[in-house]
Amino acid sequence: MTDKITALYCRLSQDDMLDGESNSITNQKAILKKYAEDNGFPNPTFYVDDGVSGTTWEREGFKAMLADIEAGKVATVITKDLSRLGRDYLKTGEYIEIIFPDYDVRYIAINDGVDTFKSENELMAFKNIFNDWYARDTSKKIRAVFKAKGQAGKHLCPPIYGYKKSDTDKNLWVIDDEAAEVVRKIFKLCIEGYGPVQIARILTEQGIPTPTAYALSQGRDNGRHNANTHRWGAQTICHILEKSEYCGHTVNFRTRMKSYKVHKIVYNPPEEWLIFENTQEPIISQQEFDLVQELRKNKRRPQRSDVVNPFAGMVYCADCGEKMYLSRRKNERPEQEHMRCSTYAKDGDKCTVHYIRTCVLNEIVLGELNKLLASVRENEDEFVQTAMSNSVQRKSSELTKAKKTLKQAQKRIAELDRLFTRLYEDNVLGKISDERFAMMSKGYEDEENKLKETVAELTAYIDTAEQKSSDVTSFLQVVHRYERIEKLTPEIMHELIDKIIVHEADKSSGKRFQQIDIIYRFDVATSSVEVETGHYGKKTA
C-alpha cells in the first residue's frame with residue numbers, strides 16, 4: 001500500500017435515472033466506499049459526473065480524475081460496473097488496457113468482476129460492447145421520440161431570446177417583453193442599413209445586456225458559460241436576424257447530432273427543416289423578416305463613416321447588371337458624391353462608364369415615390385388592378401421563356417448522351433483514334449455539364465416563380481403607412497423598392513441625359529424617367 005489515492009468514480013446520465021435508485025450517485029458512493037473499506041484500499045476520493053452520458057468523455061469529474069492519474073497521484077480506479085466508466089467500447093477498452101496500465105493504475109469494476117491486477121478479464125471486451133449497444137439502442141429510442149415530437153409541431157429546444165415558457169403550458173412560448181423589444185430594435189437597425197458589426201457595437205455602447213447576460217439576470221442558464229456577457233457579437237446578431245421563429249413559427253430539425261458518440265451539432269439543409277406557422281405570438285412581422293432576409297443576401301462592405309447610404313445594394317448598371325457602389329472622396333463636396341458601376345471600376349474594357357450623383361438620384365427617387373403614393377391614394381382600385389395585371393403578364397412571359405429554354409437544354413443533353421455513346425462505339429471499333437476520342441468526348445462533357453447547371457437554375461427559377469403570386473396587398477400595407485415622404489431612408493427604400501437600374505448617359509444632344517428605371521417591390525409597378533443629370537435636379541422629361 002502507498003500514500004496514493006484510490007479514485008472512486010461515479011457517473012449517472014439522464015437515461016440511467018430510468019433504472020431507479022440502483023444507479024443513483026448515492027447508491028454508487030455507498031457501494032464504492034464499502035468495497036474500498038472492506039478490501040483495504042487507502043485514501044478513497046470520489047470523482048462524480050451527475051447527468052452526463054457515458055458516450056462522451058467531456059466530463060468534468062472524469063477529466064479531474066484523469067489529471068490526477070497523469071500526475072501520478074492515483075493507484076487504483078474503482079467503479080460500480082464497466083458502464084459507469086463509459087459506454088464507448090473502443091475508448092473504454094483503451095483506458096482500461098492501455099492508458100491506466102501506462103500509469104501503473106489498477107482498475108476494478110465491482111459488479112462485472114473486472115480487476116486488471118488479475119488476469120481473468122477475457123469477457124471484459126464483450127461486456128463493453130454490450131454497454132455500447134445499450135447506448136446505441138437508447139439513442140435510437142430517444143431520436144424516435146424526438147422525431148415524433150418535432151413532427152407534431154412541438155418545440156424541440158428551449159425558448160430563444162425574446163421568448164419564454166408560458167406559466168400555464170410549458171410547450172408554449174410567450175413573448176418576453178424586455179428581450180423582444182431588443183429583437184425589434186435589431187431588425188429595425190438592419191432595415192435602416194446597419195450591418196451586424198455596427199448593430200453589435202450600438203447595442204454594446206447602449207449597455208443593453210447580451211442574451212447570455214439577460215438569461216442569467218432572469219435566473220436562467222442558457223449553457224453558454226464561456227460567452228462574453230458584456231459585449232454583443234456580430235455572430236449573435238446574425239443568428240437573431242435569421243430566426244423565422246420571431247414571425248411566430250416553429251422550426252424543427254434545423255440541426256442534428258452527428259451521432260450518439262460524436263456530440264457535434266450539424267446544420268441540416270433548409271429543405272429538411274419542418275416549419276409550423278403561427279404557433280406563437282410574433283415579435284416581427286413576416287414582411288419585416290422577409291425584407292431583412294433580402295437585405296442579408298446582398299451583404300455590402302461597411303462604410304467608413306456612420307452615415308448609412310440609402311441606395312447601398314440597390315442600384316444596378318443597366319448594361320452589365322452588376323451593382324453600382326458609392327464613391328466618396330475626402331476632398332469632394334457632398335453634391336459630388338456619386339454611384340458608379342463596379343465592373344467599369346475594376347476593368348474599363350468590360351463595361352462603359354455608368355455613374356450618377358447621389359443627390360440627383362435622391363431627388364429622382366423621392367419624386368417618383370411621392371407620385372406613386374399620390375396615385376394609390378387617388379385611385380387604389382385602379383392601381384391594384386393594373387399592378388396585378390402587369391405582374392401576372394411579366395411573370396407569364398418570363399416563365400414561358402424559361403420553360404422554352406429548359407426544354408431546349410434537356411433536349412440537347414439527350415442528344416449529347418446519344419452522341420457520346422456513338423463516339424464510344426466508334427472508338428472501340430477503331431473508327432476514330434484515342435486522341436480524337438478524348439478531345440471530342442471532353443468537348444461534349446463540358447457542354448453537357450454547363451447545360452446541366454442551366455437546367456438546375458431554370459428548374460429552381462420556375463418552381464419559385466410558380467409558387468409566388470402577385471402580392472399587391474403586402475405592398476399596399478406599406479404604402480398606407482406613408483402620407484408623403486420627405487427624406488429617403490434605407491428602411492423606406494427597402495420596403496418600397498426592389499432595385500434601381502441606371503443607364504449610360506446620352507450626350508448626343510450636347511447635354512447629359514440619363515434614364516433611370518425604378519422597380520418596385522412585389523412586381524407591382526415600374527417607373528422609368530429620363531433626366532438631364534448634367535445639372536443638379538433639372539428635369540426635362
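## Rings, charges and helix faces

Phe420 is partly exposed, with a relative accessible area of 29%. That's our way into this structure, which is a predicted model. Let's follow Phe420 to its partner and then work through the other parts.

Phe437 is the partner, and this one is buried, at 16% relative accessible area. The cut-off for buried is under 20%, so 16% falls on the buried side and 29% does not. The rings of Phe420 and Phe437 make a tilted aromatic pair, with 6.1 Å from centre to centre and 45° between the planes. Phe420 sits in helix α13 (residues 380-428) and Phe437 in helix α14 (residues 434-467), so their pairing ties together parts that are 17 residues apart in sequence.

**More rings**

How many aromatic pairs does the structure hold? There are 15 of them. Another one joins Phe62 and Tyr95, and here the geometry is edge-to-face: the centres are 5.0 Å apart and the planes make an angle of 85°. Phe62 belongs to helix α2 (residues 60-70) and Tyr95 to helix α4 (residues 89-102), so this pair ties together parts that are 33 residues apart in sequence. Phe62 is buried, at 1% relative accessibility, and Tyr95 is buried too, with a relative accessible area of 7%. Ring pairs also link Phe62 and Tyr95 into a cluster that includes Tyr9, Trp57, Phe100 and Tyr107.

Some aromatic residues turn up on the surface instead. Phe126, Phe130 and Trp133 form a nonpolar patch there, and together they have about 380 Å² of accessible area. You'll find Phe130 in helix α5 (residues 124-151).

**Helix α2, one face at a time**

Since Phe62 is in α2, have a look at the rest of that helix. Its buried residues are Gly61, Phe62, Met65, Leu66, Asp68 and Ile69. Looking down the axis of α2, you'd see them fall within an arc of 160°, so they line one face of the helix. The general idea is that an α-helix has 3.6 residues a turn, so residues three or four places apart point the same way. What covers the buried residues of α2? The cover includes the strands β1 (5-12), β2 (44-50) and β3 (74-79), along with the helices α3 (82-85) and α4. Just after α2 comes Gly72, which has a positive phi of about 80°.

**Helix α9 and Cys190**

Helix α9 (residues 234-242) has Ile237, Cys238, Ile240 and Leu241 as buried residues. Down the axis of α9, they fall within an arc of 165°, so they line one face of this helix as well. Their cover includes α6 (177-191), α7 (196-205) and α10 (286-297).

Cys190 is a handy residue to pick out in α6. Is Cys190 buried or exposed? At 6% relative accessibility, Cys190 counts as buried. Leaving aside neighbours within four places in sequence, Cys190 is in contact with Ile199, Leu241, Val292, Leu295 and Arg296. One of these, Leu241, is a buried residue of α9. Cys190 and Ile237 are 47 residues apart along the chain, and their C-alpha atoms are separated by 9.7 Å.

**Charged pairs**

A search of the whole structure turns up 17 salt bridges. Here are three of them, with the N to O distance for each.

| Salt bridge | N to O distance |
|---|---|
| Arg254 and Glu245 | 2.8 Å |
| Lys371 and Glu368 | 3.5 Å |
| Arg481 and Glu495 | 2.3 Å |

How do the partners sit? Arg254 and Glu245 are both buried. Lys371, on the other hand, is exposed, with a relative accessible area of 54%, while Glu368 is buried at 9%. Lys371 and Glu368 both lie in helix α12 (residues 358-378), three residues apart, which is about one turn of the helix.

Arg481 is partly exposed, at 46% relative accessibility, and Glu495 is buried, at 4%. Arg481 lies in the loop between α15 (472-479) and α16 (490-496), and Glu495 lies in α16, so this salt bridge ties together parts that are 14 residues apart in sequence. Finally, Glu58, Glu60 and Lys63 are joined into one network by salt bridges that share partners.

Technical notes: Residues are numbered from 1 along each chain as its sequence is written. This is a predicted model: local features need pLDDT of at least 70, side-chain atom pairs count only at pLDDT 80 or more; totals for chains, interfaces and linings use all residues. Side-chain values use heavy atoms; hydrogens and water are left out. Buried means under 20% relative accessible area, exposed over 50%, partly exposed in between (1.4 Å probe, protein chains only). Helices (H or I, at least four residues) and strands (E, at least two) are DSSP runs, numbered from the N terminus. The arc is that of the directions from the helix axis to the C-beta atoms. Contact means heavy atoms within 4.5 Å. Patches are made of residues with over 30% relative accessible area and no salt bridge: like charges are joined within 9 Å, nonpolar side chains (Val, Leu, Ile, Met, Phe, Trp, Tyr) within 5 Å. Accessible areas come from the Shrake-Rupley method with a 1.4 Å probe; for residues, only the protein chains shown count as cover. A salt bridge is a side-chain nitrogen of Lys or Arg within 4 Å of a carboxyl oxygen of Asp or Glu. Rings of Phe, Tyr and Trp (its six-membered ring) pair if their centres lie within 6.5 Å; planes under 30 degrees apart count as stacked, over 60 as edge-to-face and the rest as tilted.
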